[in-house]
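User: I would like to learn how to read the features of a model step by step. Could you take me through one, giving the general idea before the case at hand?

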Amino acid sequence: MSMKNHRVVDGKLLQMDKRFSDLKEKQKARIAEWFYAAYREYCLQAGHLPDKEADKRILDSVSGQIADAGIWIPYRELVSYYQRRKNKLKKRLEKETDT
């Protein structure tokens, strides 16, 4: 992590090495719900768990929602977060569809 890690982009000062943990709790919760909604939608439409191509589509969909909400986070952080949460998303969907 360098000392100068901020840049002005579109008139906003952005921290270029931001981590997911640096986001506000509300932002984290919104992103988690967006990931679950996209994951759930894919699984119900396709009838199976997402593969690598579908994971990329889910990530792109959620990153679009994040950009629309004005939240800035590096794409690599989203990929990392999604990979960590994927199993929890699967379990939540299984629990929801079992009841």
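User: To begin with the whole chain, what percentage of the 99 residues of the protein chain count as buried?

Analyst: Keep in mind that this is a predicted model. Of the 99 residues in the protein chain, 33% count as buried. The chain's secondary structure comes to 3 helices and 2 strands, and from the N terminus on these elements follow the order β-β-α-α-α.

User: How should I read the length of a helix, taking H1 as the example, and what follows H1?

Analyst: The general idea is to compare the distance between the end C-alpha atoms with the span expected at 1.5 Å a residue. The 22 residues of H1 should span 32 Å, and because the end C-alpha atoms lie 31 Å apart, the two values agree. After H1 comes Gly 47, which has a positive phi, near 85°.

User: Which residues of H1 are buried, and what covers them?

Analyst: An α-helix has 3.6 residues a turn, so residues three or four places apart point the same way. In H1 the buried residues include Ile 31, Trp 34, Phe 35, Ala 38, Tyr 39 and Tyr 42, and the cover over the buried residues of H1 includes H2 and H3.

User: How do H1 and H2 pack, and which residues make the contact?

Analyst: A packing is described by the angle and the distance between the axes, which for H1 and H2 are about 140° and 10 Å; the crossing is right-handed. On the H1 side the contact is made by Arg 30, Ile 31, Trp 34, Phe 35, Ala 38, Tyr 39 and Tyr 42, while the residues of H2 include Ile 58, Leu 59, Val 62 and Ile 66. By class, this contact has 12 nonpolar, 1 polar and 2 charged residues.

User: Is Asp 55 buried or exposed, and what is Asp 55 in contact with beyond its neighbours within four places in sequence?

Analyst: Asp 55 is found in helix H2, and because its relative accessibility is 7%, where buried means under 20%, Asp 55 counts as buried. Leaving aside neighbours within four places in sequence, Asp 55 is in contact with Pro 50, Tyr 82, Gln 83 and Lys 86.

User: Where is the kink in H3 centred, and which residues of H3 are buried?

Analyst: The kink, of about 45°, is centred on Arg 85. H3, which covers residues 75-98, nevertheless reaches 33 Å from its first C-alpha to its last, close to the 34 Å expected. Buried in H3 are Glu 77, Leu 78, Tyr 81, Tyr 82, Leu 89 and Leu 93, and what covers them includes H1 and H2.

How values were computed:
Residues are numbered from 1 along each chain as its sequence is written. This is a predicted model: local features need pLDDT of at least 70, side-chain atom pairs count only at pLDDT 80 or more; totals for chains, interfaces and linings use all residues. Side-chain values use heavy atoms; hydrogens and water are left out. Helices (H or I, at least four residues) and strands (E, at least two) are DSSP runs, numbered from the N terminus. The expected span of a helix is 1.5 Å times one less than its number of residues. The bend at a residue is the angle between axes fitted to the seven residues ending there and the seven starting there. Buried means under 20% relative accessible area, exposed over 50%, partly exposed in between (1.4 Å probe, protein chains only). Contact means heavy atoms within 4.5 Å. Axes are lines fitted to C-alpha atoms, for helices over the stretch in contact, and angles run from 0 to 180 degrees between N-to-C directions. A crossing is left-handed if the near helix is turned anticlockwise from the far one by less than a right angle, and right-handed if clockwise. Ala, Val, Leu, Ile, Met, Phe, Trp, Tyr, Cys and Pro count as nonpolar, Asp, Glu, Lys and Arg as charged, and the others, Gly among them, as polar.
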